[in-house]
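User: Please explain the terms applied to this model and set each value against its definition.

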2 protein chains.
Amino acid sequence: MFESAEVGRSVTKESFNREEPKLQTELLKAQHALQEARVQVAIILSGVEGAGKGEVLSRLCKWLDIRGLQTYAFLDEAEEERERPRYWRFWRVMPPRGRISILFGSWYSQPIIDRAFRRVGKAPFERELNRIVDFERLQTDDGALIVKFWYHIPKKLLKQRIKADKKDKQHEANTPFFKKFFKRFAEFLEVSERALRKTDTGFCPWHVVEASDGRYRDLETGRILLAAFRKRLAQLPQKDRPVKEMDAEALPLAEVKTATVLDRVDLTQTVSDKEYRKVMEKMQKKLYSQAWSAYLQRHNTVAMFEGWDASGKGGAIRRVTAGIDGRLFRVISIAAPTDEERAQHYLWRFWRHIPRAGYITIYDRSWYGRVLVERVEKFATETEWSRAYREINEFEAQLCEHGVTLMKFWIHTSAEEQLKRFKEREKLAWKQHKITEEDWRNREKWTAYEDAVNDMVAHTSTDYAPWTLVAGNDKKVARVQILRTFCERLGEAID
Amino acid sequence: MFESAEVGRSVTKESFNREEPKLQTELLKAQHALQEARVQVAIILSGVEGAGKGEVLSRLCKWLDIRGLQTYAFLDEAEEERERPRYWRFWRVMPPRGRISILFGSWYSQPIIDRAFRRVGKAPFERELNRIVDFERLQTDDGALIVKFWYHIPKKLLKQRIKADKKDKQHEANTPFFKKFFKRFAEFLEVSERALRKTDTGFCPWHVVEASDGRYRDLETGRILLAAFRKRLAQLPQKDRPVKEMDAEALPLAEVKTATVLDRVDLTQTVSDKEYRKVMEKMQKKLYSQAWSAYLQRHNTVAMFEGWDASGKGGAIRRVTAGIDGRLFRVISIAAPTDEERAQHYLWRFWRHIPRAGYITIYDRSWYGRVLVERVEKFATETEWSRAYREINEFEAQLCEHGVTLMKFWIHTSAEEQLKRFKEREKLAWKQHKITEEDWRNREKWTAYEDAVNDMVAHTSTDYAPWTLVAGNDKKVARVQILRTFCERLGEAID
């Protein structure tokens with residue numbers, strides 16, 4: 001989940017100074033419109049220690065109209081809080097209609113910290129997460145808008161910040177948990193991922209923000225907040241919608257191109273023909289015996305391929321299946337749904353092909369269509385695709401709990417490489433069927449798809465079912481990476 | 001939860017024969033309208049063994065158009081099911097749009113049975129319940145209508161049926177779990193109550209049906225089904241709503257007066273003045289020392305009074321508080337919400353008065369206003385009050401988990417007794433302020449309130465926070481019952 005926040009996004013001082021006034025103007029307009037419509041708003045700031053949540057808080061207080069605003073921090077529990085059920089304190093800080101509460105720490109803090117330090121077991125932790133979902137639903141059912149931010153920095157950067165902090169005695173005193181926290185970084189991330197995944201609901205989604213660069217962090221926060229404000233305003237019945245000169249399309253920052261998780265994929269890798277043949281042969285042999293072992297051990301496997309048009313999904317799948325006994329696998333190609341499938345929930349057509357014990361199902365395109373093509377082409381409404389992240393996570397959790405090994409591949413190519421391949425296909429007679437008008441149309445929406453892929457990885461790359469982002473500019477590199485992952489994951493499962 | 005299904009409701013053969021044709025006609029109309037609107041419907045039949053679920057199934061197959069219908073039973077797991085994640089089998093039986101699946105047993109059966117026989121622990125059971133909520137939400141988000149029936153009979157009746165069954169060798173063979181189940185009746189009810197409560201959501205509520213009398217059971221099933229069908233049809237966008245000559249108001253059975261949980265309260269009880277004074281004095285003394293013990297042990301207590309107008313809530317509360325040191329309790333009278341309260345979630349104004357450790361809060365009227373006056377007077381929409389049951393149960397669960405003792409009293413009087421008291425109030429100068437136009441208006445809605453109270457008890461009388469239905473026609477009887485309950489519950493808590 002957090003890999004999408006380790007991309008190295010940053011914003012220059014010039015961009016920041018250019019964007020900030022526009023953003024603030026729009027935020028204030030939206031804030032006042034929400035006030036007029038009597039919508040209550042809670043903004044939750046949470047995440048890794050040292051990511052600069054305090055600075056975000058200051059920035060928001062500067063940008064927003066503080067007359068309609070209240071901030072709360074949950075540092076330590078007061079006597080009067082301990083004496084009452086835990087949520088009493090959260091009910092106290094919920095904003096009345098028309099006002100905003102910014103919560104520094106929240107109902108998430110204690111459960112995550114308690115679990116990271118193993119002070120509570122898994123079951124009570126899960127119970128707390130369910131309680132959180134109930135609480136947030138209850139508030140949003142009542143019309144509240146809850147915007148949840150999670151600020152992330154890589155461990156390396158945190159270490160640097162701790163070092164820098166040592167020189168500043170004053171600051172150290174302010175953050176007593178800093179070092180203690182650092183030691184538990186891995187547990188903290190693991191527990192946080194679980195918490196975020198479980199509570200990443202359509203009605204109250206998480207926004208994971210990369211916090212390595214302060215200017216990017218703050219602008220992104222403002223942009224997300226503005227989008228959330230506007231979305232809530234658009235949900236109001238027409239008659240309650242305050243008339244404000246608001247250009248709904250003009251979201252600031254649109255011109256600041258920021259990186260996505262895909263930019264981390266190194267597309268320059270190559271492999272020699274000789275090396276390629278050697279490695280492939282070795283791994284296909286290995287896969288053959290692994291697949292038979294999985295069969296004998298009655299172990300199910302699901303692999304799933306997504307990627308750009310012409311990224312080589314089909315070829316990669318053929319290289320995998322070449323290494324598996326034909327009786328042990330099935331390839332399911334996902335095209336437009338049939339009538340029978342359209343009459344069912346979108347997950348139904350994937351559930352139906354889940355393999356029996358010992359078998360392997362390979363999906364060529366998958367349930368992620370819901371948050372990719374259906375999102376970009378607007379076949380699904382925003383409500384539908386945004387709640388799909390949690391639905392998909394739950395679906396995959398059920399597979400993994402049953403013991404299914406689940407592999408998810410996104411084959412990435414650059415736009416230039418795709419163009420090259422499209423042109424080749426048009427030239428070669430026997431490849432012309434593979435290129436259609438639709439492919440060219442999809443290509444025009446490259447940026448929209450990039451955003452969708454980035455969100456997809458951010459929301460659905462989980463500890464039990466991580467995404468493998470495959471470097472696809474060189475088909476051989478891609479195939480080696482895929483085969484290797486296959487052997488690794490199967491190997492873990494059957495021994 | 002199940003006390004509302006042990007009231008002894010029955011329907012005569014004549015009524016049944018009169019009602020059945022009307023009901024069937026309307027059901028068929030609604031079924032075809034849903035079919036045309038392409039709404040998928042799942043009907044779940046579950047409950048106590050021996051309650052006649054099989055007979056209900058036959059009846060539904062007779063009433064509905066079987067061309068649009070499929071039935072499924074989950075008796076034993078097939079090999080191919082065991083080899084896949086558990087929900088695979090449920091996905092298989094979900095109806096396509098426009099069709100109905102009747103499920104005899106469902107995703108509830110195995111978790112409840114496993115837990116009743118203590119084959120699984122509490123935590124995995126809770127996890128299963130959350131999974132169910134997720135699954136049902138996912139389906140209803142997709143437009144599905146899921147109607148959940150729970151058939152209940154008292155243990156005594158089950159025993160009789162087992163006896164009768166013994167003579168019928170054939171039948172016994174059909175229900176192999178009958179006796180095994182009987183031995184675990186208490187655990188089964190406890191576990192079922194938990195399951196129902198946790199999954200009794202606004203979007204997919206439970207319908208607990210008293211099944212002692214077959215005719216009542218079947219008519220009630222049909223009536224609930226029809227209401228659910230019509231509700232779903234009304235939710236369709238106007239343009240998709242099939243035009244059918246359907247009189248939305250004419251719900252069959254409206255004229256068949258059936259009993260409610262309130263009819264079980266014995267209103268004929270009396271107590272002599274002498275006995276009353278003796279008992280009250282003794283219990284008030286006991287309460288006084290109990291309240292101090294609770295204070296010293298830092299134990300919080302919440303008591304809550306609801307009841308008909310003029311049922312004597314105020315008098316009863318004064319008799320309780322007379323027995324408690326004035327420093328230890330607060331009485332919160334709930335009237336129309338203040339501006340500040342109206343700007344918050346409806347539960348907020350109750351949360352804010354939750355007592356500190358050692359103290360007692362007594363609410364004169366309560367959060368149940370949401371499902372009583374707000375329902376009857378239409379201050380809350382059906383969506384709002386029907387999801388409130390679960391919200392309230394969660395709220396009370398949080399209190400009880402924190403160790404709060406929670407007492408809930410409904411003071412019941414007959415309509416005649418109320419009329420007598422209203423007239424007295426009008427006569428006595430110093431009581432005239434207690435009777436208003438509104439009281440007379442409420443009185444006209446007696447039946448609507450009776451239904452609301454019955455539903456309230458059915459949905460919110462839980463093992464940790466049961467309702468106490470107080471016989472209120474004789475004020476002295478009521479006060480004794482209340483004081484006694486107070487002493488009992490406080491006594492359990494502090495020792």
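Analyst: A nonpolar core is a set of buried Ala, Val, Leu, Ile, Met, Phe, Trp, Tyr and Cys residues joined through C-beta atoms within 7 Å. A residue counts as buried if 20 or more other C-beta atoms, placed from the backbone, lie within 10 Å of its own, as exposed if 12 or fewer do, and as partly exposed in between. The model is predicted: local features need pLDDT of at least 70 and side-chain atom pairs count only at pLDDT 80 or more, while totals for chains, interfaces and linings use all residues. Residues are numbered from 1 along each chain as its sequence is written, and chains are lettered from A and ligands numbered from 1 in the order in which they are written.

User: Which residues touch the most other members of the largest nonpolar core?

Analyst: They are Ile43(A) and Ile43(B), in a core of 219 residues. Contact requires C-beta atoms, placed from the backbone, within 7 Å. Beyond neighbours within four places in sequence, Ile43(B) has contacts with Ile100(B), Ile102(B), Leu103(B) and Val147(B).

User: What makes the relation between chain B and chain A that of a two-fold axis?

Analyst: Superposition is by least squares on the C-alpha atoms of residues with pLDDT of at least 70 in both copies. A turn of 180 degrees with a shift of 0.0 Å along the axis lays chain B on chain A at an RMSD of 0.0 Å; that is the relation of a two-fold axis. Ala123(B) has the C-alpha of chain B nearest the axis, at 2.9 Å. The same surface serves both copies, as 100% of the contact residues of chain B recur in chain A.

User: Which helix gives the most to the side of chain B that touches chain A?

Analyst: The contact takes 34 residues from each of chain B and chain A. Helices are DSSP runs (H or I, at least four residues) and strands likewise (E, at least two), numbered from the N terminus. On the chain B side, α6(B) gives the most, with 8 residues.

User: How do you know that the length of α12(A) agrees with its number of residues?

Analyst: The expected span is 1.5 Å times one less than the number of residues. For the 24 residues of α12(A) (273-296) that gives 34 Å, and the end C-alpha atoms are 35 Å apart, which agrees. Its buried residues, among them Met283(A) and Leu287(A), pack against β6 (301-307), β8 (360-364) and α21 (475-494) of chain A. Just after α12(A), Arg298(A) has a positive phi of about 55 degrees.

Notes. Two residues are in contact if their C-beta atoms, placed from the backbone, lie within 7 Å.
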